[in-house]
Structures are given as structure tokens and as C-alpha cells.
Amino acid sequence: MEQHSTACPLDCPDLCGLTVSVENGRVVDIQGDRRGPITDGFICGKVRKFTDHLYGTDRIAAPLVRDGAKGSGLWRTVSWDDALTLIATRLQLIRATSGAEAIVPYHYGGSNGWLTDGGLAMRFFRRLGASNLDRTYCGAATTVATQGLYGRMPGVALEDYEHAKLIVLWGVNPAATSIHLVPVIDRARANGAKLVVVDPRATPLARRADLHLAVRPGADVPVALAAIHALFTRGHANRAFLAEHAAEVDELERRASAWSIEDASREAGLDPADLDAFVELYARSSPAVIRTGWGMERNRNGGSGIASVLALPAVAGKFGVRGGGYTMANNDAKWGVSAEAGIAEPTPPTRSINMSQITTALQTLTAPKIECLFVFNCNPVATAPDQRTLIEELRRDDLFVVVHDQVMTDTAALADIVLPATTFLEHRELRRGYGVMRMFDSPAVVAPVGEARSNNQLFGALLERLDMVRPGDAMTDEAIVAQVFASAPEGAALQAELAASAVATPSSGARPITFVDVLPGTPDQKIHLVPAELDREAPGGLYTYHPDPRSEEFPLALISPALATQISSTFGQLRSAQASLELSINDAAVRGIQTGDAIRVWNLHGEVHCIAKVASEIRDGVVVLPKGLWRKHTANGYTSNALIPPNVADLAGQATFNDARVQVARR
Ligand SMILES: Nc1nc2c(c(=O)[nH]1)N[C@H]1C(S)=C(S)[C@@H](COP(=O)(O)OP(=O)(O)OC[C@H]3O[C@@H](n4cnc5c(=O)[nH]c(N)nc54)[C@H](O)[C@@H]3O)O[C@H]1N2
Ligand SMILES: Nc1nc2c(c(=O)[nH]1)N[C@H]1C(S)=C(S)[C@@H](COP(=O)(O)OP(=O)(O)OC[C@H]3O[C@@H](n4cnc5c(=O)[nH]c(N)nc54)[C@H](O)[C@@H]3O)O[C@H]1N2
Ligand code: SF4
Ligand SMILES: [Mo]
């Protein structure tokens with residue numbers, strides 16, 4: 001038995017180092033190690049059982065070509081050589097007849113690092129002149145909102161939560177999505193820290209919190225602005241800190257004055273006494289840290305929601321101490337080097353397509369019309385909005401669909417050609433954390449199953465087939481890594497650190513204290529509380545609250561939080577349980593619904609047939625159907641994504657997964 005050190009690149013903030021045991025060329029055991037700051041020797045069940053995914057029956061073993069109607073499930077196995085010839089011929093034909101913009105690379109890459117998200121795939125599509133993809137599934141609104149206020153500035157390290165006296169979890173559910181933060185929070189609480197959770201659901205941590213604000217989905221703007229207003233009017237604002245470090249203070253104060261505690265509580269469905277208690281607790285606690293998650297950005301007010309919450313530590317002057325400030329979605333550590341150097345091809349001036357509005361693009365774009373969707377690092381049938389339309393469009397005879405994936409996903413099932421992809425245990429990866437501020441260089445630990453190939457192998461071969469390789473191009477993982485680290489002065493030290501221990505810390509430091517070790521990354525190094533660019537972009541201006549779109553016909557807000565057992569749709573093939581829609585005791589009662597009943601959930605975009613689960617954790621007016629379910633998990637083959645309109649949030653074209661309004665009835 002051999003043991004290998006590698007790291008988990010999945011779309012998870014924790015970035016665990018792993019010890020993988022291999023026997024006779026097969027992975028037999030996976031354990032967490034202690035190279036990262038919070039893993040502490042344990043990992044989640046998903047990765048502990050990764051061999052079920054690696055060696056499962058859904059794994060794609062060889063290239064497949066459709067042998068019947070789209071989605072018929074009939075395939076012909078072909079050689080890689082034949083598959084590449086078919087793809088290259090078709091791409092060249094589309095380029096010659098309609099132009100390369102008719103080709104759309106469709107990829108997300110949340111569970112991928114610098115070698116499999118970017119690299120030769122991006123070089124290939126950019127050089128080809130394909131349409132660009134605006135990647136707005138996740139963190140888009142958060143990123144522009146945070147960078148508008150603070151520029152690129154690393155937040156509080158997750159390991160430093162131990163030092164906090166108040167921890168606020170705002171639209172985030174670490175018990176499922178960042179499990180290693182839970183023991184850190186527990187240690188802080190053992191030292192006297194208070195815990196506040198702002199979430200429509202009573203999540204596991206909300207149930208144990210000192211205060212749970214069960215906001216209506218999308219109502220974070222009034223809640224945060226009312227808190228800001230109260231901080232200012234009650235003398236809790238840190239005027240000295242604001243004078244030194246912030247701009248547009250008066251303008252924020254003016255905009256926040258629109259919301260009293262009472263009005264905000266009414267809009268958000270809170271008890272005003274609870275919101276009041278939050279303000280007082282926040283004002284009086286230090287270090288106080290706010291962990292913003294992703295739950296609150298996915299609605300019409302998402303960008304302003306994040307901005308208003310992240311303005312709180314500035315107004316209250318919570319920075320400057322270890323464990324004080326905020327941690328946002330991608331924690332913005334500074335690395336100096338970036339994946340762009342490995343792509344080594346500029347973005348062409350071709351059209352950009354918002355991935356969250358792909359159905360609209362497929363239906364309406366002309367000049368040229370989309371003729372090819374090349375899907376990799378993504379399972380859009382399970383994860384994109386407007387599922388019903390997407391499935392219809394993928395079935396179009398004049399749309400050429402290629403899917404490169406590890407398993408036969410719901411998207412792959414509708415493809416013309418399916419190509420087998422390697423997993424992170426079968427290829428090298430260079431991954432920087434977005435929660436934990438570290439980078440791992442993680443080697444492959446076993447040979448690929450069947451004929452699986454990595455993204456760089458696939459797109460390297462296509463670059464060659466289409467005669468697009470140029471002299472001096474870095475074509476191997478090794479050469480790409482070398483090019484990445486040669487691109488900036490910090491690179492050499494980082495590479496040396498990785499060579500020595502396979503894990504590296506960013507140039508901004510592992511645990512920076514904001515406003516002591518790091519300052520805002522804005523041009524004047526100040527916090528911009530009402531940044532002009534965002535104010536122009538957000539409809540009605542930044543911090544505008546767009547009211548709840550519920551109607552008599554569709555009165556319930558549908559949210560689709562993460563499952564503990566999957567990463568988005570990844571590992572969904574392993575789930576056998578049917579989907580249940582959770583709804584509150586009252587909402588169930590008025591509809592005569594009981595746990596276990598067959599129900600339908602619908603709106604103008606689609607309909608889902610599933611089972612009801614009456615849950616005391618859910619507030620009235622909200623229903624929950626998790627993200628990442630597969631078509632097999634519901635009675636009619638549609639999931640929550642069939643109910644999600646292709647609308648975008650107020651900033652960055654962010655998808656609005658948590659903003660559908662629906663009705664529910666027994667079937
Ligand atoms: N209803 C609803 N839908 C949502 C959300 C929601 O809240 N509600 N949230 C959204 C969020 S936050 C996100 S991040 C997106 C994620 O949406 P996706 O990007 O679609 O993520 P996954 O479902 O994890 O699918 C990733 C796929 O890539 C494959 N893959 C992994 N590594 C490789 C590789 O190296 N090469 C290739 N070729 N393939 C690989 C995996 O097998 C998997 O099938 O989903 C969004 N969808
Ligand atoms: N086990 C597991 N881990 C994961 C993932 C996974 O699918 N499974 N996904 C990974 C990915 S891609 C991401 S983006 C992260 C997501 O990590 P999280 O942000 O923790 O995940 P979500 O469950 O999408 O949303 C968090 C919470 O937001 C709440 N919420 C919904 N709408 C609102 C709102 O309007 N306001 C407020 N205040 N709260 C709201 C939901 O009830 C939910 O409890 O986790 C990553 N880690
Ligand atoms: S998914 Fe997250 S918790 Fe699980 S092993 Fe990977 S980094 Fe760790
Ligand atoms: Mo995400």
C-alpha cells in the first residue's frame with residue numbers, strides 16, 4: 001500500500017489536504033491531513049467516499065457518439081482519435097460557414113483549479129474566436145460588490161474566527177458547506193463568543209445560535225440598512241475610523257436613513273426586537289466578524305444585499321483586530337501570479353454570453369445563431385436556470401453538443417458526443433483556496449479509469465487538430481505551471497514553497513489583520529461606501545430595495561440551498577433518495593399537505609413533481625428544494641432549476657437561484 005499527499009480541489013471553502021492510500025493502482029482510502037489550517041485530520045463524507053464516484057457505474061469509460069435520437073441513451077463507443085476527428089471537423093465547418101462565435105464554451109469550474117479551469121481550454125476557445133462566456137452562476141454579485149467597496153482585500157482568515165467575540169453567519173450554512181468552520185466557531189463560543197445567524201431557514205447553526213434572524217429571502221438590504229441607520233443615530237458609528245478610511249459616508253448614511261428598524265422588520269418578516277438586539281450586540285462586541293455566504297446574492301437585490309452587509313464593519317469600525325471584520329465569498333487573498341499566464345492568449349473581442357441566461361441566448365441570438373455548445377466542468381441541465389427550456393434547446397437537431405465529464409450527467413445524456421474526463425485523483429491540479437487562504441500543488445495519485453483524459457489533454461489535442469499550436473506554446477501541465485510562476489516576481493518564492501511542501505501561503509499573508517497588515521485594494525486605499533460604478537450599474541442605484549415579487553398566484557419564495565452530500569450536482573448520481581420539498585407547518589396546513597404527500601410545485605417557467613416534507617425549520621412563505629438534484633430525483637424529471645427564471649440580480653449579471661416564486665399543491 002502506498003500513501004500519497006494531495007489536496008481536494010472541489011468547490012468548497014475548506015481546501016483540505018488529503019492522504020490517499022493506493023493499493024494495486026486503486027484508491028482504497030482517503031483521509032484529511034493537517035497541512036491546511038482548518039482540516040485538522042478529518043474530511044467530509046463526500047470525499048471520504050470519493051471511490052464511489054471514481055469507480056462507480058456512472059463513470060464514463062470511453063468516448064461515446066450518439067446512436068439514436070438525442071437523449072435516447074443509445075451510444076456507440078469510439079476511439080479518442082475518431083471522436084477528435086468528428087469534433088474538429090464539425091467545429092471547422094461551423095467556423096467556415098457561420099463564424100466561430102456560433103461556438104460557445106459552456107463551463108463553470110467551481111470544482112477546478114488553475115490547470116483544469118483555464119489552461120488549454122481557454123487558449124483553444126479564445127484562439128478559435130468563439131463566443132466568450134460570462135460566468136455568473138456564483139459569487140459574481142459578491143465579487144463586484146466587495147471590490148467596489150474594498151477593492152481586492154483579503155478578509156478574516158477562517159482560522160481566526162477563534163478570536164472573535166461575535167460571529168455573524170449571514171446567508172451561509174457552514175454545517176453543510178464549510179464543515180471545518182464549525183469546530184472553530186464552537187471554540188470561539190467556548191471562549192464566550194456570541195453567534196448570530198441571518199437565514200430564512202433554521203440551519204443547524206441557527207438552531208444553536210444566540211440570535212436567529214429568519215429574514216425573507218431577498219430582504220437583506222432593508223435589514224442591513226436599518227442596522228446601519230441605527231448605528232449612526234445611536235452613536236455607535238465609528239466616525240473617526242470612517243473619516244480616516246472611508247469615502248461617501250454621508251451618502252450611505254442618507255440612503256440608510258430610509259429604513260427604520262420597524263419598517264425593515266416588517267419587510268423582512270422579523271420581530272423588531274430581534275433586529276434591535278442584533279444592532280446592540282454588534283455595536284458592543286469586538287472582535288466581531290461577519291461571514292457572508294452565497295445564499296443572499298442569488299436574488300434581485302443580491303449585489304446591494306452583499307454591499308449593505310459588508311458596509312456594516314466599516315460603519316461600526318470593526319476592523320484592525322484579529323478576528324474582526326468580514327469574510328466574503330472568495331476571500332481575495334493576493335497571489336501575485338494568476339492562471340491567465342498559463343492561458344497565454346488574450347480574450348478576443350467576440351460577443352459575451354451570460355451563462356445564467358443561456359436559454360435566452362440559445363433561443364434568440366442570431367448573427368450568428370449558437371450552433372455548438374461545448375460543455376466541460378459543468379452540468380447545466382442540473383445547475384442552470386430555466387431547465388425546461390434548456391432541455392428543449394439541447395434537443396435541437398441543429399445544435400451540436402459536446403460534453404466532457406467524469407460521469408454520465410443529465411447534460412451528458414443529451415449530448416451528441418460525450419468524452420471521458422479525469423478526476424482530481426487522476427490529474428495534477430494547482431488550486432488556490434477561496435475560503436482558506438492557501439494554494440496546493442496536488443499531483444495525480446492513480447492512473448485514469450478507462451480512457452479518461454484531462455482538460456489540458458483534450459484541448460491540447462484539439463489545438464493540434466485545428467492547427468492552432470504556435471511555436472513556444474506551453475502544452476503540458478508542467479510547462480503551464482512554469483509559465484504561471486514565471487509571470488510575476490512572487491512566482492519563484494511560491495513555486496519554491498510548493499516544491500518544498502506542496503502548500504503555499506499568499507503574499508498578503510495567511511492571517512492578515514485588515515487595516516493593520518492590509519488596506520483596501522481601491523485606488524485610494526479607502527473604503528468606498530457608495531462606489532460610483534456600482535451605483536450606475538444597479539437599477540435605481542446601489543442599496544435600492546426591489547420589493548418581494550410574490551403574487552397571489554405564486555405566493556411562496558423558493559430557495560435551493562446546498563446539500564451536505566453533494567457539491568452542487570457533483571455526486572448526485574450516487575443519491576437514491578427522491579427529492580422532497582420542505583415547507584412550513586402553516587403553509588402545509590392551509591394546503592392540506594402532510595409529510596410524504598405527492599405534490600406539485602409550479603410557476604410560469606416549469607413544474608416539479610416531488611414529495612412534501614413539513615419542516616419546522618422553514619419560515620412561512622418559503623419553500624426549499626435543494627440545489628444540485630438530478631432529473632432522476634423527481635417524479636417528472638424536473639428539479640428546482642425548472643422553476644428558476646433566467647433573470648439576473650442587480651449587479652454583475654448574477655444568477656438569481658433563490659428568487660423564484662411558486663405555488664404548491666397536492667398531486
Ligand atoms: N437551483 C440552484 N441551482 C444552482 C445553485 C443554487 O443555489 N440553486 N447554485 C449554483 C452554484 S453556487 C454553482 S457554483 C453552480 C455549479 O454548477 P456546475 O458548475 O454545473 O457544478 P457541478 O454541479 O459541480 O458540476 C460540475 C461538473 O464538472 C465535472 N468536472 C469536475 N472536474 C472536471 C474536470 O476536470 N474536467 C471536466 N471536463 N469536468 C469536470 C463534474 O463531474 C460535474 O459534472 O450551480 C448553480 N446552480
Ligand atoms: N456540501 C456542500 N458544500 C458546498 C456546496 C454544496 O453544494 N454542498 N457548494 C459549494 C458552493 S458552489 C458554494 S457557492 C457554497 C455555498 O455555500 P452557502 O452559501 O453556505 O450555501 P447555500 O446553501 O447556497 O446558502 C446558504 C444559506 O443562505 C440562505 N439564504 C437563501 N436566500 C437567502 C437570502 O435572501 N438572505 C439570507 N440572509 N440568506 C439566504 C439559505 O437558506 C442557506 O441556508 O458552498 C460550497 N460548498
Ligand atoms: S469537499 Fe470540502 S470538506 Fe470535503 S474534503 Fe474537499 S475541501 Fe474538505
Ligand atoms: Mo457556487
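In this predicted model, ligand 3 is enclosed by Cys8, Cys12, Leu15, Cys16, Ile43, Cys44, Lys46, Val47 and His180. By class, the shell around ligand 3 comprises seven nonpolar residues, one polar residue and one charged residue. Cysteines recur in this shell, with Cys8, Cys12, Cys16 and Cys44 among its members, and the space that ligand 3 takes up is the second largest cavity.

The surroundings of ligand 2 are made up of 35 residues, of which Asp199, Arg201, Asp220, Gln566 and Ser568 come nearest. Divided by class, this shell holds 17 nonpolar, 11 polar and seven charged residues. Polar contacts to ligand 2 involve both side-chain and backbone atoms of the protein: a polar side-chain atom of aspartate 220 is placed 2.7 Å from a nitrogen atom of the ligand, whereas serine 568 brings a backbone N or O atom to 2.8 Å from an oxygen atom of ligand 2. A further backbone N or O atom, belonging to glycine 171, lies 3.5 Å from an oxygen atom of ligand 2. On its own, ligand 2 has 900 Å² of accessible area, and 99% of that area is covered by the protein.

Around ligand 1 there are 29 residues, and those that come nearest are Asp405, Asn455, Ser560, Ser569 and Thr570. The shell of ligand 1 consists of nine nonpolar, 16 polar and four charged residues; the shell of ligand 2, for its part, contains 17 nonpolar and 11 polar residues alongside seven charged ones. Side chains supply several polar contacts to ligand 1, including one in which an N or O atom in the side chain of asparagine 455 is 2.7 Å from a nitrogen atom of the ligand. Oxygen atoms of ligand 1 are approached by a polar side-chain atom of asparagine 112, at 3.2 Å, and by a polar side-chain atom of arginine 298, at 3.3 Å. Of the 920 Å² of accessible area that ligand 1 has on its own, the protein covers 96%.

With respect to the domain arrangement, ligand 1 lies between domain 1 (1–136 + 383–505) and domain 3 (556–666), because both domains give residues to the shell around this ligand.

Note on methods
Residues numbered from 1 in each chain as written. Chains lettered and ligands numbered in written order. Predicted model: local features only at pLDDT ≥ 70, side-chain atom pairs only at ≥ 80, totals over all residues. Heavy atoms only, no water. Near = heavy atom within 4 Å. 1 Å grid on protein atoms, 1.4 Å probe; cavity = no way out; pocket = protein on both sides within 12 Å on 5 of 7 lines; lining within 4 Å. Sits in = over half its atoms within 2 Å of the grid points. Nonpolar A, V, L, I, M, F, W, Y, C, P; charged D, E, K, R; others polar. Polar contact = N/O pair within 3.5 Å; in protein donor to acceptor, adjacent residues only side chain to side chain. Areas by Shrake-Rupley, 256 points an atom, 1.4 Å probe, with all protein chains shown as cover. Domains from an automatic or database assignment.
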